[in-house]
Structures are given as structure tokens and as C-alpha cells.
Amino acid sequence: MQFFKDLSLSAFTAGFVAVLVGFTSSVAIVFQAAQAFQATPAQITSWMWALGLGMGLCSLLPSLWLRKPVMVAWSTPGAAVLATAGLAGGFSMAEAVGAFMVCAALITVAGVTGWFERIMGRIPMEIASALLAGVLARFGLQAFAAAQTALPLVLLMLGCYLVARRFLPRYAVVCTLAAAIVYVALRGQMAWSAVAFELAMPQFTMPQFTWSALVSLALPLFVVTMASQNLPGVAVMRATGYQMPVSGLITITGLATLVLAPFGAFALNFSAITAAICMGPEAHENPERRYTAAVSCGAIYVVIGVFGAVVTGLLTAFPKELVVAIAGLALLGTIGNGLSVALRDEGHREAALITFLVTLSGVVIAGVGSAFWGVVAGSLALFVQQYAKRPAAQRP
């Protein structure tokens, strides 16, 4: 099979790091969202089953079919919206599932009609690259901020990364991750008590559709998923040079969410941070073989879905400093490339810089994250600059 010929250790490691970063950085928010709807332990496990299966299959199968790295994740800002709105509104799990299905239907319509892809096609590459750099730069900053609480670990990882980049550039992240795991294991910093050996069992919840849940849950979930997840996800694809059938892939995520919503899959969408890990040069020097990183990531997500609590415990056993440090180091090359493209054209430089800074700020307005507002600010700046130049260009 061609996949096994194309697979490399660096690509598999990129897939594992993507899962580690994506899962551990936001799984607590997903738990909080489930608990906001009075979820039982069995229902929370079902959520992990549905989300793991959905993310895994929506990443694995399209990546194998297209031979391009398609990366799908759960909506982290969507989970935050659900956690807040669920507690405030006192919604039941049945009402939440009904809202998930309405959101899934809206995502599917966005994919079938192609309106979202048309909007993204009008955004200049410099703005998209600045958006990518702004989203990822926060992880780069967190990698070095972790030195405040785990200085020896961060110094070890940084030193290992730099040495490996010099002598084994393809395996820099592999060597760094291995050294970090050995270090924390020897120091007894792995939280093995979090591991529980049990399989995940899906729990079906009959949906209930109410206007209050539609307004308070479904619509906000749809907006933040498209603006804060799918938008930067498409920006990552464009900035890393991958041309994909965006509308078709969004349709797939919408349909998958619709099918798995009664079991707890609240919203599936393109990933940005973890996608950059699998689409960047650290995954493989040959862009045509980086799809194996996404397939590996998808396969691990499926395992998470099937084994639920076991893998959840294993991934959350890693110290948080290790997770943020490996994420920041793995994204250094992609951040640099994004900034390089964003600032290369003097005519777009200021607009791209505004996009980068607004995105990096992490500002949240009306419940919508900084990725959306970064694009809005940069596009407005570019419009004003270009509009002001036209009359001058027409003067004799």
C-alpha cells in the first residue's frame, strides 16, 4: 500500500504531537461543556467516543483519498460557548443535542452552497498567512513562557531541538519529544493515576428542538465554529500551499456531526494549530508525503474514540509544560514561513501586520475569537489603503 511506503517516523510523530497538543489543550473545556448539560459519566465517555471517531475518520479517510493532509478537530471555542451558555440557560442534554444537530445542518449548508469557500478565496494570501502566524505565535510564546515553571525541562527541549535541527533536521521534533518524555518519566512527573482501563460505550440521546436552545446554543456554536475554527483552518491550508476542495470537506464535517450529534459530537471542523503541525516541514520535507501525518493523527483519534478513558488518561498524564513546549517548537518553522509570506509585499505589509497583531492579541468580541477579527481588521486596512491609492494612480 502506498501509504506505508510514504509513511516516515517524522510524519507519525507529527501526527502524535498534533493529537497530544489538540487533545490535552482543550479536553478540559469539552468536559466542562458536557457537565453544563448535567452529563453522566457514561455520557461524557460517549462524547469522547463520538468526537474521537468523528475527528479520526474525517481526517483519515479524506487524507488517504486526496493524498493531502486533511485535519479535522472539535470546536474548542464552540465547547467554551456551550460550557457558558449551558450553565446560564439550564438546558438539558436532549436540548443540547438538538442544538448540535441544527448547527451541523447549518455547517452542511455552508459546505453544499460553497459560500464560505468563495469568501475565503477573496482574502489575499498575505492576510491569510498573517492570520496563520498570529494563531500559531501564541503557542510559540507559551513554549518559552513554560520556562517559568519548568526551566530545566524547557532548556533541555530547546537544546535538544537545536542540536537535532543541526544534525538530524527531519527528526528534530522526534528527538525532542523522546528526550522530554524520558526526562519527565525519570523524575516521576507523569500522572499515571489518570489512566483508567475501560472501553468507551456510545450513549444515544434523543434530540429535543426548542427555540431557546436554537438561539442560545445552535447559532453561537455555528458562528464561532465557522469564524474561529474553519476560517483559520482554511488559512493554514492556503499558507502551506495545499489546494483542497474546501466546500466538500466542510460538507463532510457537517454530515459527520449530524450523524454523531446524538452521541455527543457537538461540532467538527478544520483544525488550525494541529493542522500546521502536520502540514509543515517538520512532518516531512516532501509536501506530497505529509498526508501520512494527518492519516496517523486520524488513526490515533479513532483509537481515542474506541478506548476512551484509557487513551484520555495517557494523553493527560503528560505535564502541561511538556505539551506547550513541544507544540511551540514543532510550529517554529510554520510561524516563520507565515510571517515571511505575510510581510513580503510592501503594499500588503501594514494590513498583514494588523491582522497578525489583532489575531495574536486573543481578543474576543461578541463571543467570536480573534482569528475572525484579525481578518476583519486586516481586510478593512487593506481596503482603505487600496481605495486611497486608486485616485492617485489615475492622476495625469
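Three helices, α7 (115-121), α11 and α19, each put at least two residues into the lining of the second largest pocket of this predicted model. Of these, α19 makes the largest contribution, at 4 residues. The pocket itself holds about 180 Å³. Its wall is built from Trp115, Phe116, Ile119, Ile123, Met226, Ala227, Leu231, Phe372, Val375, Val376 and Ser379. Sorted by class, that makes 10 nonpolar residues and 1 polar, with no charged residue in the set.

One of these lining residues, Phe372, also turns up in the ring contacts. Phe372 packs edge-to-face with Trp373, with 4.9 Å between the ring centres and 75° between the planes. Neither ring is counted as buried, because a buried residue has to fall under 20% relative accessible area. Phe372 comes out at 28%, so it is classed as partly exposed, and Trp373, at 23%, is partly exposed too.

Aromatic contacts turn up elsewhere as well. The tally for the model is 10 aromatic pairs. Some of the rings go beyond simple pairing: Phe37, Trp47, Phe100 and Phe266 are joined by ring pairs into a cluster. There is also a case of a charge over a ring, with Arg166 sitting over the face of Phe167 at 5.1 Å from the ring centre.

Now for the largest pocket. Here the space amounts to about 1000 Å³, and 41 residues form the lining. Those nearest the centre are Thr76, Pro77, Phe139, Gln229 and Ile273. Quite a list of elements gives two or more residues to this lining: strand β1 (72-74) takes part, along with the helices α2 (9-24), α5 (76-89), α8 (125-145), α11 (211-239), α13 (273-279), α16 (320-330) and α19 (370-394). The top contributor is α16, which supplies 5 residues. As for the make-up of the wall, 23 of the lining residues are nonpolar, 15 are polar and 3 are charged. Two of the helices met at the second largest pocket, α11 and α19, are thus back again among the elements lining the largest one.

Turning from open pockets to closed spaces, the whole structure contains 3 cavities of 30 Å³ or more. The largest cavity has a volume of about 50 Å³. Around it sit Ser10, Thr13, Ala14, Arg170, Val173, Val174, Ile277, Glu282, Ala283 and Ala330. Helices α2 and α10 (172-186) each give at least two residues to this lining, and α2 leads with 3. The lining splits into 6 nonpolar, 2 polar and 2 charged residues. Helix α2, then, borders this cavity and also belongs to the elements that line the largest pocket.

Last comes helix α14, which covers residues 291-307. Its 17 residues reach 24 Å from the first C-alpha to the last, close to the 24 Å expected at 1.5 Å a residue. Of those 17 residues, 13 are buried, so α14 is largely enclosed by the rest of the structure.

Methods
Residues numbered from 1 in each chain as written. Predicted model: local features only at pLDDT ≥ 70, side-chain atom pairs only at ≥ 80, totals over all residues. Heavy atoms only, no water. Phe/Tyr/Trp six-rings, centres within 6.5 Å; stacked < 30°, edge-to-face > 60°. Buried < 20%, exposed > 50% of the residue type's maximum accessible area, 1.4 Å probe, protein only. Lys NZ or Arg CZ within 6 Å of the ring centre and 35° of its normal. 1 Å grid on protein atoms, 1.4 Å probe; cavity = no way out; pocket = protein on both sides within 12 Å on 5 of 7 lines; lining within 4 Å. Points joined across faces, edges and corners; volume = space filled by probe spheres on them. Nonpolar A, V, L, I, M, F, W, Y, C, P; charged D, E, K, R; others polar. Expected span 1.5 Å × (residues − 1).
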